[in-house]
Amino acid sequence: MLIESEYLFGADRDAVWDALQDPEILGRALPGTERLERVGGHLYAGVMVVGVGPVTAARFDISVELTNLVPPEAFTMIVGGQGRAGFIDGRADVRLEERGTRCLMRYRADLQVGGLVAAVGKPLLDTVGRNMSHKGLEAVDRMIG
Amino acid sequence: MKPAPFDYVRPDSIEGAIDALREGGPGAKALAGGQSLIPALNFRLAQPSLLVDLAGVDALRGIRSDEDGGLTIGAMTRQRTVERSDVAGERAPLVSETMALVAHPQIRNRGTLGGSLAHADPAAELPAAMLALDAVFRLHGPAGSRRVPARDFYIGLFETVLAPDELLVEIEIPAPPPGSRFAIEEVSRRHGDFALAGVAIALTPADDGSISDAAIGLFGVGDRPILSTAGNAVLRGRSLDAAAIAEAAEATADALDPPGDIHASPAYRRHLVRVLTRRALERANEARETRDRGG
Amino acid sequence: MSRPSEPAERASSLLGAAPRRNEDERLLTGTALFVDDVHLDGMLHAAFVRSDHAHGRLRGVDLSAARAHPGVVAAWVAEDLGDYWAPGPLLVPPPPIERLTFRSATQVPLARDKVRHVGEAIALIVARSRYEAEDAVALVEVDIEPLPPVARTEDSLAEGAGRIHEQFDSNLAAHVVQSKGDYERAASGATVRVGRRFRIDRGASAPIENRGIVASWDERAGELTVWDTTQAPIPIRNGLADMLGLPETHVRVIAPFIGGGFGPKIMMFYPEEVLLPWAAVRLGRPVKWIEDRQESFFATTQEREQIHDAEIAVDADGRIIGVSDSFLCDSGAYNPYGLTVPINSQCTLLGQYRVPNYESEFRLVYTNKPIVTPVRGAGRQHGVFVMERLLDLAAAELGIDPTEIRRRNFLTPDEFPHDHEILYQDFAPLVYDSGDYEPALDRALEMIDYEAFRATEQPALRAAGRQVGIGVVCYVEGTGIGPYEGARVSVRSDGRVSLVTGVGTQGQGHFTSFAQLAAGPLGLDAADVDVVTGDTAKFSWGTGTFASRGAVVAGNACHAAAIAVREKVLAVASDALEAAPDDLEVGGGAVHVRGVPERRITLAELAVRANPLRGAVKPGTEPGLEATAYFGPERGCTASGVHAMIVEVDPETAMLEILRYVVVHDCGTIINPTIVNGQIHGGVAHGIGNAFFEQLVFDEGAQLLNASFMDYLLPTATDVPFIETAHLCTPSPLNPLGIKGVGEAGAIPVAALFAQAIEDALGEQAPEVLEMPLSPDRLFALIRGNDAATRPARRTVP
Amino acid sequence: MQQIGRRTIVVTVNGERFERDVEPRLLLSDFLRHELRLTGTHVGCEHGVCGACTILVDDEAVRSCILLAVQVDGCEITTVEGLAGGAAAPQNLELHPIQAAFHETHGLQCGFCTPGLLTTLVPFLAENPDPDDTEIRQAISGNLCRCTGYQNIIAAVKLAAERMRA
């Protein structure tokens, strides 16, 4: 699943960049993340729960790594998760651009959901992924604001 | 494909059910007809810790004619019961017509009206019909009752305004203004399948025969049932001629940004909305003309 | 090979009769035994941990939590199997074709160092109930390092594609070229050369009963009993005995009533089939595994994915000069079934036609998807689709009617046996035994009233704005291949007959059609014969039910055994009635002297006389009225047929309605026309699924996106039209009864038929239909001429 | 987790009363097949699509794979075993007219989906004794059959309907 989108933050670029280095805020950007902790450098680990309608049991142990860091312009986020419902594997290239005093985030994420259960719930999970990424960024925006 | 373990209670009152849900915490889940929930349990996509079976609550069942010409249906009334109900057929013909499109008799024999509405599957027929009919849902929670218009009830994919310890209790379908016409059209892969796209329409005429309101409920084309306003804007104040119908269908489709999946691309879904809106409007119109002619 | 000594008409008096089925009562009352109905004391239940990844290195499996879970009796991974761990057998080695490349990799019981498709078994859990076993599966931690998956058939051989079997230098499983004549040279003189790329996607066999195994070990007797949803119990018995080091006499495999097979329930030696018996022996308790529907989408084999680049060359009259075809066939992650599917495609392409020059090359490739083995039709669809489409294209170029170009190219009755000069899947040369094609076409055109439709109906419908089209396609079906089957027929002392054969049965009506074949020579009714199939304790030799061979091969064996019993009946009766065998007649459950009906003796009495308690059985004779016979054809026989359809396309919604469906079929001698029609109906329904409903959709990660009956769409009663059938009979000279197979016929030409009829319906603006299955979505995109719209364009969130 | 309260349920199946302790999660299909050993009800998908597990609960056709055994406490159930007369003496069964019609028209092949079709059709023909082809096709469209192409099933329904009307 490919998600390409953009989001205009209220804050300026430096503030957004700094905020995203905080695992708590970074976690908000990822749909369904219940917990995210730094385990070293730019590596984070936590739990993501994707819950929608009939799907209430998609719980993933996730790891998040930020690489290709070009402060405050760009980074790549690599997400891996494994749970009973299957696995998620994702990679997002993120660019932050200045828009006056605000910051425009452009991102292109490639997300793979896999596994037996995923094969049944995947249409749901896909839709959730699309909808929730936007919600996640709104939450981040509020936190920075 | 066997469910993970859970506990089970069958309270006999609304209050009892709400207490059970509250005490059960986030793992508690209400069980209505179970025709969507139990498949999810079998796939282990859902793993509630407690199921609160509403089947023991008599107060949630029944179909009642209201004095103002409307109809009130208890949330746990089986879909089949609604389908067979003469009073429902008379007072809410769109609901009866819609029921026949919902899955198969074996499902409707267990499935409940409220269960389907609260499940909020965006491809389901009944929620969209409720939008078209401007139904009102009565919810009951620890703090008491509230009435929420169907049009405000759906907020996202399988997402409603229902709180975790709140129940959908009754569905109130207002009496349609005299001369109202209804139609529902859908395209599904097979008989009884969820729709690739569908349109449920309630038309309210003005005294001069023009359209005073065209409520167009869409299903299968978004993350929730959609009340299309674009078609209504075109039709309001106009008579339902071929040009108006075509324009309304076009506007309804153009305003949409439907999702794609393995069964239908966004372009196909949008196209279907155009076709089905037109067909539904035509059919509603024909029904009226026949009735007019027949006196 | 035995041949009947009696005149066929006398011996086979029940051929063509349609008695009601012997098996129905049990099935209708819920008393028939299916595998999941087996209950044994102390029985345990198995569930499998399966891979979520399509391709990856298996780094570790942690079973500790699962083992500690209440109710769990055992949990094993590949290492725990010791020497028992071995890749499955190569079931069908490649035929002796020159310059053939073949690289065999078969499925393993549990993944050891790599996983190669989603759903591949990694660990086996045994618990007190399936519920508890599934609870424990959820507790298993599997550590897989993902490797780049090969999802698309056409990517498998690309430079840099992930290597699925590391012992090979690419994902090529086989490369085969078969040819006759010289296509290139011959085609250079053609009036029309037209070629396209054709694509057929994957489908599931989807019997309503999933697979299942119950294994039970009797320690004291040293005997293993296995109930298995297999189409081929005897090969499974032989293989299990070999793997477990048991004598074949001490392994009993029972295929009881089976809820549909359609190919993948063949002698696959699936991981579950190999592991359950092992577990039962190891635990000393019966163990049951019943595949659930979700598992079936990964763990049961699939078929159909092929991509053909094909060209036809015809002269000015539309006569075929030659065909060239190069295709890719997707084998999935392993290849237990050799070249059967692609060779069927290669051979069946030639169809009912005279093709002087043929150049056909295929590459069978490994991908990270579930395993491919034959599914009803087994590659024949593809050949028919390509050839019929090529003929349609050529006819269009030449401006001749599509039925006419077929007629001009039919092999004629005087050309049989016809040698196509290539090898078939049974290793024998592709030689059609018999056929008469033009009458079938005529009959189909007459039934569907082709001329009237073209001349008046279609123009009238067009004028009324309706898009209605007609299609007519022809096909052959190679059936009834060897090696052999056997049957034992005995007259019991109650006067009834027992018939035992080794093949399994999955709904084909064997309890009735085989009964007819045995009852006829003995002057009885089918209802007088009790048939046993699929129990290795009852009959020890044979292969199984597949390749439309049951009626042909086992049927002739049943008949031959009955003829031999008849000889014995006459010999004993001759003694008893003091009359020469030639003067005796058999009928009504007795034997009487011709013309003297009161000088008679019943079969029951004869059975008792043939098995005396005193006196001696004469040297050189056997006790009992019993005989065993085997039949093995020298090669397969070729059935044929024509399907015709009138379809309406709603151009607005891209939905279809089939208005007429006609099948004219020739499967030689018919044993039971009702059963034959039933086979045709079911095959057509399956074909309709493959043409418009059923598609296994994989994403770029080789993850299946529709592993449920909610999203994998089997045709329902509202999707399958009334099917009108007619039968012609060109007997096969390759077996005494002249039978040809029919099991797969209905499914084979449907895709080609849909393509032709839909194009015809859409008229001049029609897109070319070069792929199957279609769907409303896909057809909409084709009509729009907008291929890009077929898959969800990923919407961006504003 | 294992001790989650078992429930005692009482059901009447084919006229016989059963009282059993069950786990709440036990599917009705498994209860019938494996607790009561009424294996005539078949399981094909366990997500409510194929219809093979259809039974009658209080005379209405429902799918037993998406019902919990605890939900039918106090209910009357009929399975395929209860359709023919004299179930105790299998040799002398008198088939239900729908069963007889399936037999006569070759309305079944492997027979796996058949019990679900029969139980679907009993209430259908009671409610609609003279259905046309379209109504029959729609009535059984929730029952998947992979063998027959449905044609002879439809013939069976028409034959049974005709006889049951007489």
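The area buried between chain A and chain C is about 2000 Å², and carbon and sulfur atoms give 51% of that area. Please keep in mind that what we are looking at is a predicted model. The size of an interface is often given as the accessible area lost when the parts come together.

Which residues build this contact? Chain A contributes 24 residues and chain C contributes 26 residues. On the side of chain A that touches chain C, the elements giving two or more residues are strand 1 (2-9), strand 5 (74-83), strand 6 (86-99), strand 7 (102-114) and helix 3 (118-144). Helix 3 of chain A gives the most, with seven residues. Sorted by class, this side of chain A has nine nonpolar, eight polar and seven charged residues.

How many salt bridges cross the interface of chain A and chain C? The rule finds zero. There are, however, five residue pairs in polar contact between chain A and chain C, counting pairs with both residues at pLDDT 80 or more.

Let us place this interface among the others. Five pairs of chains are in contact, and of these, chains C and D share the most contacts. Chain A and chain D, by comparison, do not touch, and their nearest C-alpha atoms are 11 Å apart.

I turn now to salt bridges within the structure. Over all chains, the structure holds 104 of them. One of these joins the side chains of Arg106(A) and Glu6(A), at 2.9 Å from N to O. Arg106(A) sits in strand 7 of chain A and Glu6(A) in strand 1 of chain A, so the pair links distant parts of the chain, 100 residues apart. Arg106(A) is partly exposed, with a relative accessible area of 34%, and Glu6(A) is also partly exposed, at 35%.

A second example is Glu37(A) with Arg35(A), where the closest N and O atoms are 3.8 Å apart. Glu37(A) is partly exposed at 45% relative accessibility, and Arg35(A) is partly exposed at 44%.

A third example lies in chain C, where Arg407(C) forms a salt bridge with Asp442(C), with the closest N and O atoms 2.7 Å apart. Because Arg407(C) lies in helix 11 (residues 402-409) and Asp442(C) in helix 12 (residues 437-448), this pair ties together parts of chain C that are 35 residues apart in sequence. Is Arg407(C) buried or partly exposed? At 21% relative accessibility, Arg407(C) counts as partly exposed, because buried means under 20%. Asp442(C) is partly exposed as well, with a relative accessible area of 35%.

Salt bridges can also be followed as a network. One such network links residues of chains B, C and D, among them Arg44(B), Arg50(C), Glu134(C), Arg211(C), Glu23(D) and Arg25(D).

Next, a single residue in chain C. Where is Gln508(C) found? It is in the loop between strand 23 (497-501) and helix 14 (510-519) of chain C. Gln508(C) has a relative accessible area of 18%, and therefore it is buried. Its side chain makes a polar contact with the side chain of Thr505(C), at 3.5 Å. A polar atom of the Gln508(C) side chain also lies 2.6 Å from the backbone nitrogen of Gln506(C). Leaving aside residues up to four places away in sequence, Gln508(C) touches Arg21(C), Thr545(C), Ile675(C) and Gln679(C).

Finally, I would like to consider two strands. In a regular strand the side chains alternate between the two faces of the sheet. Why can strand 21 (residues 467-479) of chain C be called largely enclosed by the rest of the structure? The reason is that 13 of its 13 residues are buried. Residues including Val473(C) and Tyr475(C) point one way from strand 21 of chain C, while residues including Val472(C) and Cys474(C) point the other way. This strand runs antiparallel to strand 29 (residues 637-650) of chain C, and 13 bridges join the two. Within that pairing, Thr479(C) stands opposite Cys637(C).

Strand 3 (residues 54-57) of chain D is likewise covered on both faces, with Thr54(D) and Leu56(D) buried on one side and Ile55(D) and Val57(D) buried on the other. Four bridges join strand 3 of chain D to strand 4 (residues 60-63), in an antiparallel arrangement, and Ile55(D) stands opposite Val62(D). These two strands form a hairpin with two residues between them, and Asp58(D) in the turn has a positive phi of about 50°. Strand 3 of chain D is also joined by two bridges to strand 5 (residues 76-78) of chain D, again antiparallel, and there the bridge partner of Leu56(D) is Thr78(D).

Terms used:
Residues are numbered from 1 along each chain as its sequence is written. Chains are lettered from A and ligands numbered from 1 in the order in which they are written. This is a predicted model: local features need pLDDT of at least 70, side-chain atom pairs count only at pLDDT 80 or more; totals for chains, interfaces and linings use all residues. Side-chain values use heavy atoms; hydrogens and water are left out. Contact means heavy atoms within 4.5 Å. Buried area is the accessible area (1.4 Å probe) that two parts lose on being put together, summed over both. A salt bridge is a side-chain nitrogen of Lys or Arg within 4 Å of a carboxyl oxygen of Asp or Glu. A polar contact is a pair of N or O atoms within 3.5 Å; within protein, one must be able to donate a hydrogen and the other to accept it, and residues adjacent in sequence count only if both atoms are side-chain atoms. Ala, Val, Leu, Ile, Met, Phe, Trp, Tyr, Cys and Pro count as nonpolar, Asp, Glu, Lys and Arg as charged, and the others, Gly among them, as polar. Buried means under 20% relative accessible area, exposed over 50%, partly exposed in between (1.4 Å probe, protein chains only). Two strands pair if DSSP finds at least two bridges between them.
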